[in-house]
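Here are my comments on the model you sent round. They are numbered so that you can reply point by point.

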Amino acid sequence: MTLTTDDSLTIQLTAREVLARSYPPDRVAALADGPRTSDPQAWSELEALGWFDPDLPPTAQVLLAEECGYHLTPQPWWSTMCVAALGRLRPGPAGVALRLADGLPAIAAPDVIATPGEPWVLSGAVDRVPDVDAVASVLVEASSPTGPMLFCVDLSGRGVVKRSRPSLDPLRPVGEIVFTAAPAERLYSGVGTAAATAAVRSRGLLLLAAEAVGVAQRAYDIAREHACTRQQFGRPIGSYQAVAFRIADMYVDLELARSLTRAAAADGAPIGVSCALVAARRAAIGACEQTIQVLGGIGMTWEHPVHRWYRRALWIQAFGGSSDLHYERVAQHALG
């Protein structure tokens, strides 16, 4: 499916309208500070809008991911669309237990052992699983007597224990899953495992980059509105260079990150994903930090919501593999 400019604009505006209505900042804050950080009741609405359409191309997915970052959508949509990269999307939210935190090419997970049988069973543990409290099933990369394999595990089945852990971003919880002879469905083995896990990682990092673009856009909008409306000495503070240049820096970084992310979605090359992730992370963290400075004292308070986007930016920075790793990939590509 090839998207026209009008298609892209329609997708993004529709997503923004729906999410703005469902998740205003006060509701996002209530979910973040409450006992449950996801909103399962809205899952069916996203399905009705076609957010899980198997024919939805990456160029459309990055637009939706941007809006999820812009509104901090409390849904495991990102985790589920990582799984969708395999073309095996199932009803209900799904997650990834593929050690995305290292950002490396596909490797075996020695902490999870697969034992053959009818069905196969898994034993071991996987840490740093995103959206661990919200997803119904996960993909697990495990070692077997014949090499690495990829499995799907129903988290409501026997032999599965989930352990939540404190997260920098409460709207994106992480945790550990412990398997004790847990039944699992084998999806890939041999060389197919490497290709499948690489596809999931690539899609996950691409959508994280797009989400970071949405975070940067929201921070930029907050800063710009404040700079245009807040007055000092009878003039909007945005008329002063100390503020105006911050806004300009944010805008340049944001547009670079957006362009690289959308180009990576259209091209699909791993080097494009690394470039997009580096630029988008920098744009998101920089925009949030600059926005806090533009806001002044109010930006340092718990009541102002900007810290929630800052948390998401820092979460993305910590989760998708070190920046040095992606910079090294870009350098190797640039130097041939």
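**Notes on the predicted model**

1. F233 first. This is a predicted model, and F233 sits in the loop between β8 (231-232) and β9 (235-236). Its phi is positive, about 55°, although F233 is not a glycine. Is F233 buried or exposed? F233 counts as exposed, because its relative accessibility is 78% and the cut-off for exposed is over 50%.

2. A181 also deserves a look. Most residues other than glycine have a negative phi. A181 is not a glycine, yet its phi is positive, at about 50°. A181 belongs to strand β7 (residues 174-189). With a relative accessible area of 30%, A181 is partly exposed.

3. Check one peptide bond. Most peptide bonds are trans. The bond from E118 to P119 is cis, and its omega is near 0°. P119 lies in a loop, with β2 (112-115) on one side and β3 (120-130) on the other.

4. Next, the pairing of α4 and α6. Two packed helices are described by the angle between their axes and the distance between the axes. For helix α4 (residues 58-71) and helix α6 (residues 191-229), the angle is about 45° and the axes are 7 Å apart. That angle makes α4 oblique to α6, because it is neither under 35 degrees, nor 65 to 115, nor over 145. The crossing of α4 and α6 is right-handed.

5. Which residues make the contact between α4 and α6? On the α4 side they are P58, Q61, V62, A65, E66, C68, G69, Y70 and H71. On the α6 side they are R203, L206, L207, A210, E211, V213, G214, V215, Q217, R218 and D221. By type, this contact of α4 with α6 has 10 nonpolar, five polar and five charged residues.

6. Now the cysteines. How many disulfides does the model contain? The count is zero. C68, one of the α4 residues in the contact with α6, is in no disulfide. The nearest cysteine sulfur to that of C68 belongs to C82, 12 Å away. C68 is buried, since its relative accessible area is 5%, against a cut-off of under 20%.

7. C275 is a separate case. Why is there no bond from C275 to C82? The sulfur of C82 is the closest cysteine sulfur to that of C275, but the gap is 20 Å, which is too far for a bond because a disulfide needs the sulfur atoms within 2.5 Å. C275 is partly exposed, with a relative accessible area of 23%.

8. Another helix pair to inspect is α8 with α9. Helix α8 (residues 270-295) and helix α9 (residues 306-319) cross at roughly 155°, and their axes come within 9 Å. The two helices are roughly antiparallel, because the angle is over 145 degrees. The crossing of α8 and α9 is left-handed.

9. From α8, the contact uses R281, A284, I285, C288, E289, T291, I292 and L295. From α9, it uses V306, W309, Y310, A313, L314, I316, Q317 and F319. This contact of α8 with α9 comprises 12 nonpolar, two polar and two charged residues.

10. Follow I316 in α9. Its relative accessibility is 0%, so I316 counts as buried. Beyond four places in sequence, I316 touches L208, E211, A212 and R281. Its C-alpha atom is 9.2 Å from that of A284, and these two residues are 32 apart along the chain.

11. R312 is likewise in helix α9. R312 is a charged residue by type, and where does its side sit, buried or exposed? R312 is buried, with a relative accessible area of 0%. Leaving aside neighbours within four places in sequence, its contacts are L72, D169, L171, R172, E211 and V215. The C-alpha atoms of R312 and L168 are separated by 7.9 Å, with their positions 144 residues apart along the chain.

12. Last, S274 in helix α8. S274 is buried, with a relative accessible area of 1%. Not counting residues up to four places away in sequence, S274 touches H326, R329 and V330.

Definitions and conventions. Residues numbered from 1 in each chain as written. Predicted model: local features only at pLDDT ≥ 70, side-chain atom pairs only at ≥ 80, totals over all residues. Heavy atoms only, no water. Axes fitted to C-alpha atoms, helices over the stretch in contact; angles between N-to-C directions. Helix = DSSP H or I, 4+ residues; strand = E, 2+ residues; numbered from the N terminus. Left-handed = near helix turned anticlockwise from the far one by under 90°. Contact = heavy atoms within 4.5 Å. Nonpolar A, V, L, I, M, F, W, Y, C, P; charged D, E, K, R; others polar. Buried < 20%, exposed > 50% of the residue type's maximum accessible area, 1.4 Å probe, protein only.
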